[in-house]
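Here are my notes on the model you asked about, written as numbered points. Keep the structure open beside you and follow along.

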Amino acid sequence: MSTREECASNFPNDPGVTDEVALLRRIPPWHFYYDKKLGRTRPRSAAFEDDDDGDPMSVYRRNIIDSEGGDVARVMTGHTGFALASLNAGQYRYKEQTVYPDPLHEESSHTKICGPKPESVRRWFATQSKWVIPPLP
Amino acid sequence: MPNTILGGNEYGLAEAAILSERWLSTTTLPDVLARPAVVTAAVEQSALLLRRVIIRKRGSELVVEVNAHRPLSTEFLKSIEAVVELLNLPPGWNSYSAKPIGPQIAVRAIRILAELMEPLTPLPAVVPRVQGGIQLEWHTDTLDIEVYIDTPDQVSFFAEHGESGQSVEASLAGQEQTLRAWVQRLSRK
């Protein structure tokens with residue numbers, strides 16, 4: 001788990017990504033279910049865990065995709081059965097995460113979300129997220 | 001990759017084919033079974049005691065051998081199948097850098113399920129975790145229970161009753177009875 005200090009040093013928050021920017025994350029089929037209390041399908045908390053390689057969690061900035069005239073479906077290519085969930089940058093920052101743009105050759109909108117993610121924070125992300133591309137029924 | 005659930009007998013396989021520990025001793029088990037001092041009479045009477053859990057690779061099949069002190073319920077067997085299915089996940093199964101699930105984690109999950117599940121306990125969702133762990137979840141109209149198995153020694157849980165607002169979040173070590181009591185509430189519904 002990355003500490004706040006490590007994140008500030010290695011993945012500093014970019015205030016240029018405003019709080020309203022939607023940040024998209026692919027959700028695999030093992031990581032969503034129908035929540036009777038919410039009355040809708042939602043991601044599980046396990047969907048918002050940092051990578052095993054020590055890298056912070058990856059997301060994609062929707063405003064970059066839009067500004068390039070792209071479609072959000074481009075980040076779903078090759079991932080049949082996956083869904084796409086969204087939280088905005090302000091929601092991540094509210095839980096003490098940094099938002100660090102990390103453009104890749106294959107995906108310019110790629111961004112890292114760095115910060116401690118105890119289970120309570122992951123559960124909050126899971127319940128607050130909204131679908132951009134919902135799971136197939 | 002198909003899975004097979006078996007119980008009881010030895011199959012004469014090479015030791016190298018055994019993916020999990022061959023024998024579990026009380027010194028290697030950080031759970032309720034490993035610390036008789038914290039086991040109450042009630043837990044001892046009702047929990048399913050697994051004498052041995054072995055996961056083997058036999059050709060393309062994963063074989064689980066479970067040796068218990070009484071017959072295994074259908075629900076428990078189904079939950080074992082769900083756990084073993086996760087062993088087939090490749091690296092990067094979440095489309096990012098997720099780690100495959102290791103057999104030691106699977107064995108730990110099976111043992112925790114044995115301690116928690118009663119005949120009327122609903123099937124849990126068995127969920128892979130990005131860093132190679134397993135998450136067990138029960139969700140009803142009023143109860144949410146999640147068990148997080150990060151390593152065989154690092155297990156925690158969260159439970160919440162929606163109507164009363166009562167909740168608990170704790171490491172499993174030393175809190176086995178607390179978790180068991182929450183899961184028993186599922187069975188009473």
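1. In which order do the 5 strands of the open sheet in chain B come? Reading across, you get β4-β5-β6-β7-β8, and the pairing is antiparallel. Bear in mind that this is a predicted model.

2. Now look at the two ends of that chain B sheet. β4 (125–128) and β8 (167–171) of chain B are the edge strands, and each has a single partner, so one side of each is left without a neighbour in the sheet. From one strand to the next, the twist averages 15°.

3. Zoom in on one pair from the same sheet. Strand β5 (residues 134–139) of chain B is joined to strand β6 (residues 143–151) of chain B by 6 bridges, and the two run antiparallel. If you want a landmark, find His139(B): its bridge partner in β6(B) is Asp144(B).

4. There is a helix lying against this sheet too. Helix α4 (residues 176–188) of chain B packs on the sheet and touches β5, β6, β7 (154–161) and β8 of chain B. The direction of α4(B) makes about 140° with that of β6(B).

5. Next, a helix to look at by itself. Helix α3 (residues 103–116) of chain B has 14 residues. From its first C-alpha to its last, α3(B) reaches 20 Å, close to the 20 Å expected at 1.5 Å a residue. Why call α3(B) largely enclosed by the rest of the structure? Because 13 of its 14 residues are buried.

6. Ala114(B) is a handy residue to click on, and its place is in helix α3 of chain B. Is Ala114(B) buried or exposed? A residue needs 20 or more other C-beta atoms within 10 Å to be buried; Ala114(B) has 21 C-beta neighbours inside 10 Å, so it counts as buried. Leaving out residues up to four places away in sequence, Ala114(B) touches Leu48(B), Leu50(B) and Phe76(B). As for Val168(B), it is 54 residues from Ala114(B) in sequence and 21 Å from it in space, C-alpha to C-alpha.

7. Over to chain A, which has a sheet for you to trace as well. Here 6 strands form an open sheet in the order β6-β7-β4-β1-β5-β8, with antiparallel pairing. β6 (98–101) and β8 (130–133) of chain A are the edge strands, each pairing on one side only. The twist in this sheet averages 40° from one strand to the next.

8. Strand β7 (residues 110–114) of chain A is worth a pause: 4 of its 5 residues are buried, so "mostly covered" is a fair description. β7(A) pairs in the antiparallel sense with β6(A) over 4 bridges, and Val99(A) has Ile113(A) as its bridge partner in β7(A). Strand β4 (residues 57–61) of chain A also pairs with β7(A) in the antiparallel sense over 4 bridges; there, Val59(A) has Thr111(A) as its bridge partner.

9. At the β8(A) edge, 3 bridges join strand β5 (residues 83–88) of chain A to β8(A), and these strands run antiparallel. Try finding Leu84(A), whose bridge partner in β8(A) is Ile133(A).

10. Finally, see where the chains meet: 21 residues of chain A are in contact with 23 residues of chain B. On the chain A side, the elements giving two or more residues are β2 (32–35) and α4 (119–128) of chain A. By class, that side has 5 nonpolar, 5 polar and 11 charged residues.

Note on methods
Residues are numbered from 1 along each chain as its sequence is written. Chains are lettered from A and ligands numbered from 1 in the order in which they are written. This is a predicted model: local features need pLDDT of at least 70, side-chain atom pairs count only at pLDDT 80 or more; totals for chains, interfaces and linings use all residues. Two residues are in contact if their C-beta atoms, placed from the backbone, lie within 7 Å. Ala, Val, Leu, Ile, Met, Phe, Trp, Tyr, Cys and Pro count as nonpolar, Asp, Glu, Lys and Arg as charged, and the others, Gly among them, as polar. The expected span of a helix is 1.5 Å times one less than its number of residues. A residue is buried if 20 or more other C-beta atoms lie within 10 Å of its own, exposed if 12 or fewer, and partly exposed in between; C-beta atoms are placed from the backbone. Two strands pair if DSSP finds at least two bridges between them. Axes are lines fitted to C-alpha atoms, for helices over the stretch in contact, and angles run from 0 to 180 degrees between N-to-C directions.
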